[in-house]
Number of protein chains: 2
Amino acid sequence: MNAEIIAVGSELLTPYRLDTNSLLLTAELNQLGIRVMRKTVVGDNRQELREALEHALSHADVVVCSGGLGPTEDDLTRETVAELLGRKLQRNEEILRGIQERFRKFGRAMPETNVRQAMVPEGADVLDNPRGTAPGLWLETNGRFIVLLPGPPNELKAMFENEVRQRLARHAPKRRLYTRDLRVTGMSESDADHRVASIYKKYAEAEHTILAGPGEIQIHPRVWSDDPAAAERILNDLVKSFELALGENLFSTTGQTIEEVVADELTQHRATIATAESCTGGLIAARLTNIPGSSTYFLGGVVCYSNDLKTAWTRVPPEIIESKGAVSSEVALALADGIRKSTGALLGLSVTGIAGPGGGTAEKPVGLVHIGLADEKGPKERAFRFPGDRERIRTQATNAALDMVRRYFLYAARGKG
Amino acid sequence: MNAEIIAVGSELLTPYRLDTNSLLLTAELNQLGIRVMRKTVVGDNRQELREALEHALSHADVVVCSGGLGPTEDDLTRETVAELLGRKLQRNEEILRGIQERFRKFGRAMPETNVRQAMVPEGADVLDNPRGTAPGLWLETNGRFIVLLPGPPNELKAMFENEVRQRLARHAPKRRLYTRDLRVTGMSESDADHRVASIYKKYAEAEHTILAGPGEIQIHPRVWSDDPAAAERILNDLVKSFELALGENLFSTTGQTIEEVVADELTQHRATIATAESCTGGLIAARLTNIPGSSTYFLGGVVCYSNDLKTAWTRVPPEIIESKGAVSSEVALALADGIRKSTGALLGLSVTGIAGPGGGTAEKPVGLVHIGLADEKGPKERAFRFPGDRERIRTQATNAALDMVRRYFLYAARGKG
């Protein structure tokens with residue numbers, strides 16, 4: 001079973017906005033065993049929309065359209081679909097009352113233009129919109145399904161979950177999509193590629209999507225099958241092969257972020273952590289505290305940009321900064337140890353480096369980053385050299401620092417810690 | 001002059017990846033006065049790609065295709081375009097030598113499959129790719145232009161700038177696009193909408209795109225015109241109207257981020273700042289330090305999650321935390337004043353709040369955030385109530401805190417500070 005997704009809206013044809021609804025729609029459709037064959041974005045333009053719909057209806061079993069259901073004259077989806085299918089638009093009094101009620105609740109009178117949102121093509125089912133005024137529509141024609149959804153993501157999401165999912169499920173094929181979400185760090189995309197190339201070949205029945213970001217690679221194996229048990233077996237085998245090939249660089253097989261993995265380890269070990277950041281400027285603390293409940297393991301952190309504050313907050317001896325420079329193994333070690341001691345945390349994590357674009361030298365180039373991690377036995381340190389611009393360097397340093405904490409628990413579990 | 005953009009690649013039809021190249025391409029095309037009428041994403045599928053190309057060639061003056069130029073059999077763009085135009089593919093020895101050279105440089109032999117990347121349709125111009133092996137192609141047919149670009153964003157960007165821009169400029173119309181990039185904070189989208197609705201009506205010759213994020217709204221007025229002076233005049237008038245309607249909530253008319261505006265103010269006043277964050281967990285420090293050269297005004301910051309650290313690092317009296325609670329005006333004031341004094345910065349900025357999902361009470365609900373700002377005259381404080389989930393609350397709090405610093409300099413300039 002195949003689908004096409006059409007996003008309607010002139011703002012989606014500017015340099016400022018992407019159609020992000022299609023990601024959610026694709027995930028939902030794939031879950032139901034429906035494959036997306038094409039995505040199209042058209043403006044608020046009757047002719048373009050009509051042509052996109054014609055193509056979709058001649059190729060796909062399911063056509064999902066988002067946007068163009070608003071009250072203004074720019075919103076043409078209802079009219080264009082009705083015209084294309086040769087169906088009359090009829091005013092639906094129940095929808096109209098609902099819209100009027102919604103306006104009343106907010107203490108306003110309904111503008112006359114909103115009557116357009118109560119117009120329904122003959123034979124269409126109305127899809128309730130609890131979060132906005134635009135109802136969705138469900139149409140069937142020649143054994144194909146057309147779903148019209150509102151553009152705002154929160155309205156579209158709720159409507160798909162409440163109204164569309166079970167309707168499509170009734171017609172969905174037995175052949176479904178089964179997936180895994182693997183996360184890898186500590187290696188380059190080409191290194192990872194090299195190590196897993198033979199797995200791709202061996203499991204020809206699986207599709208793979210690889211997404212490489214700064215300091216993290218995601219691999220999504222996907223298997224289409226009408227036998228759930230067989231699909232899960234293949235994926236489990238696949239994951240085992242990936243584990244062998246990637247070793248401890250593979251940090252999640254369930255789509256967890258690295259901060260989530262670190263949070264789990266800290267919680268499980270009833271451990272606490274504190275951070276002392278220079279070039280990452282608070283990004284590590286921000287990532288750790290983005291997780292609900294992080295106050296149980298995250299005590300606090302400092303962003304010590306100035307040398308004075310490195311000394312004041314983490315007691316880095318000024319003479320070390322003087323002799324070795326703020327970006328050095330010695331300062332990373334002292335920062336990690338110092339923040340651990342001044343906060344009373346089990347672990348102290350530190351970063352000092354040169355994020356650029358200025359400040360680099362031949363000896364200490366832009367991208368040089370020292371990361372320190374201290375426990376009660378003392379601090380350890382590793383130096384990195386990250387490529388890219390300021391933002392990429394900071395993100396890679398943040399991922400590497402979090403990864404150092406993850407590996408700490410990994411090695412501790414193996415008795416090497 | 002109109003364009004269609006076609007993105008080729010099965011990974012772009014998964015729930016994991018969007019075609020982001022089209023944003024850059026749209027900006028470039030618009031600059032040249034070329035309007036994008038449709039964007040299509042197809043998989044690595046000859047029939048789908050052919051149909052998308054056929055539609056584009058029958059509607060648009062310029063067809064820009066990204067992706068599908070790699071060395072594998074999945075990469076079908078070259079072959080499909082050649083077939084559609086009825087042109088033979090010929091091996092280009094110069095391209096081949098270039099690819100071989102590239103592999104040699106990385107110490108590897110060129111795989112046989114890469115020969116495909118040296119195949120060029122008759123009459124096509126080759127577009128050099130300094131950043132990868134896949135060359136681009138430029139074709140003309142019946143007065144229309146077809147541009148084939150590689151999928152990786154950094155390769156596509158360099159190729160457009162170096163090879164495509166000036167070729168298109170030779171044919172571009174006199175009618176160009178003129179724009180402004182307005183940034184607004186401190187008000188809701190519907191409030192902003194309400195205040196500027198009459199401006200939209202008055203300037204019917206301008207298009208507007210509105211992008212609302214947590215704590216920030218972007219408004220992009222766009223005017224198509226063949227008279228640069230007239231277009232700039234309209235836009236200048238428009239901006240003046242927006243300034244009147246939005247007042248000091250309008251923080252940039254040139255697309256600056258709020259941290260860039262704050263950085264400019266701090267630099268201009270030779271002022272320094274330090275931060276004490278609780279619920280924003282380092283996000284404010286991270287935003288301020290994402291700007292190159294931030295060490296001249298940003299001294300440092302603390303993320304004091306635990307009450308003990310609030311006292312240790314910023315000398316908040318424990319009895320205030322005890323009696324008023326960590327999330328309170330009093331603690332926000334003490335944090336701001338304390339971080340200012342302990343770092344020696346001119347300004348101390350503080351945030352304490354409940355980001356959720358847990359920790360809320362009837363009296364202090366999730367979303368309650370106190371922001372404090374201190375100078376040598378003492379601290380001031382404001383309470384906010386932000387809607388949304390943890391991430392949205394943290395982002396809104398970060399924007400509001402940065403905005404408080406911006407307004408500080410605004411009022412100071414007016415002698416109200």
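Hi everyone. Let me open with a bit of vocabulary: angles between axes under 35 degrees count as roughly parallel, over 145 as roughly antiparallel, 65 to 115 as roughly perpendicular, and the rest as oblique. Keep that in mind while you look at the structure, and please remember that this is a predicted model.

Let's start with a pair of helices in chain A. In general, two packed helices are described by the angle between their axes and the distance between the axes. Here, α10(A), residues 307–314, packs against α12(A), residues 329–343, at an angle of about 45°, and their axes are 8 Å apart. That angle falls in none of the named ranges, and α10(A) and α12(A) are therefore oblique to each other. Who makes the contact? From α10(A) we have A:Lys310, A:Trp313 and A:Thr314, and from α12(A) come A:Leu335, A:Gly338, A:Ile339 and A:Ser342. Sorted by character, the residues of this contact are three nonpolar, three polar and one charged.

Now for the sheet. This is an open sheet of ten strands with mixed pairing, and its order is β18(A)-β17(A)-β16(A)-β14(A)-β15(A)-β15(B)-β14(B)-β16(B)-β17(B)-β18(B). Which strands stand at the edges? They are β18 of chain A and β18 of chain B, residues 378–385 in each. Each has a single partner strand, so one side of each is left without a neighbour in the sheet. Ignoring direction, neighbouring strands are turned by 10° against each other on average.

Helices pack on this sheet, too. In chain A, α13(A), residues 390–413, touches β14, β16, β17 and β18 of chain A, and its direction makes about 30° with that of β17(A). In chain B, α13(B), residues 390–413, touches β14, β16, β17 and β18 of chain B, again with about 30° between its direction and that of β17(B).

Let's zoom in on some of the pairing. In chain B, β14(B) and β16(B) run parallel and are joined by five bridges; B:Thr275 stands opposite B:Leu349 in β16(B). Over in chain A, β17(A) and β18(A) pair in the antiparallel sense over eight bridges. A:His370 has A:Ala383 in β18(A) as its bridge partner, and a hairpin joins β17(A) to β18(A) through two residues.

Finally, how do the chains relate? A turn of 180° and a shift of 0.1 Å along the axis lay chain A on chain B with an RMSD of 0.1 Å. That is the relation of a two-fold axis. The same surface serves both copies, as 100% of the contact residues of chain A recur in chain B. Thanks for listening!

How values were computed: Residues numbered from 1 in each chain as written. Chains lettered and ligands numbered in written order. Predicted model: local features only at pLDDT ≥ 70, side-chain atom pairs only at ≥ 80, totals over all residues. Axes fitted to C-alpha atoms, helices over the stretch in contact; angles between N-to-C directions. Helix = DSSP H or I, 4+ residues; strand = E, 2+ residues; numbered from the N terminus. Contact = placed C-beta atoms within 7 Å. Nonpolar A, V, L, I, M, F, W, Y, C, P; charged D, E, K, R; others polar. Pairing = 2+ DSSP bridges. Least-squares fit on C-alpha atoms with pLDDT ≥ 70 in both.
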